[in-house]
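Biologist: I should be grateful for a close look at a single part of this structure. Please describe one residue, the helix that holds it and the helices that this helix meets.

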Amino acid sequence: MAAPIQNPAKCEVRSVIRFLHEKGQRTADILKEIVSVYGNIMNRQNVTKWCCHFSEGRTDVHDEQRTVGILILMPFQRTKEERANRLSN
């Protein structure tokens, strides 16, 4: 048996999950295939999660863009103008 593929991209593994899911394979069988080719890079929960996403109609295998949280400015991060205005008041 060949050695496991080292450091696969997430989208590569998700593409395999999508392909096998579309062929009608069960989650447990998909996980066995992933482990046989890539080693223990993903647990059953994640395979199940991605199968659910694909069942719901998702086709993209890439991570979704995350929204940036609110930027909190600390007092020392104020601009020179803001500091000057604060001192003059």
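Modeller: What follows begins with one residue and then turns to its helix and the neighbouring helices. The model is a predicted one. Arg 14 lies in helix α1, which spans residues 10-22. With a relative accessible area of 8%, Arg 14 falls under the 20% limit and is therefore buried. Its side chain reaches the backbone oxygen of Val 61 at 3.1 Å. Apart from neighbours within four places in sequence, Arg 14 is in contact with Trp 50, Phe 54, Val 61, His 62 and Asp 63.

Trp 50 and Phe 54 also appear in the contact between α1 and α3. Helix α3 covers residues 44-55, and its axis comes within 10 Å of that of α1, the two crossing at roughly 60°. The two helices are therefore oblique to each other, and α1 passes α3 in a right-handed crossing. On the α1 side, Arg 14, Ile 17, Arg 18 and His 21 take part; they meet Val 47, Trp 50, Cys 51, Phe 54 and Ser 55 of α3. By class, these residues comprise five nonpolar, two polar and two charged.

Helix α1 also meets helix α2, residues 27-38, where the axes come within 10 Å and cross at roughly 140°. This angle makes α1 oblique to α2, and the crossing is right-handed. Here α1 contributes Glu 12, Val 13, Val 16, Ile 17, Leu 20 and His 21, while α2 contributes Ile 30, Glu 33, Ile 34 and Tyr 38. The contact of α1 with α2 contains seven nonpolar residues, one polar and two charged.

Definitions and conventions. Residues numbered from 1 in each chain as written. Predicted model: local features only at pLDDT ≥ 70, side-chain atom pairs only at ≥ 80, totals over all residues. Heavy atoms only, no water. Helix = DSSP H or I, 4+ residues; strand = E, 2+ residues; numbered from the N terminus. Buried < 20%, exposed > 50% of the residue type's maximum accessible area, 1.4 Å probe, protein only. Polar contact = N/O pair within 3.5 Å; in protein donor to acceptor, adjacent residues only side chain to side chain. Contact = heavy atoms within 4.5 Å. Axes fitted to C-alpha atoms, helices over the stretch in contact; angles between N-to-C directions. Parallel < 35°, antiparallel > 145°, perpendicular 65-115°, else oblique. Left-handed = near helix turned anticlockwise from the far one by under 90°. Nonpolar A, V, L, I, M, F, W, Y, C, P; charged D, E, K, R; others polar.
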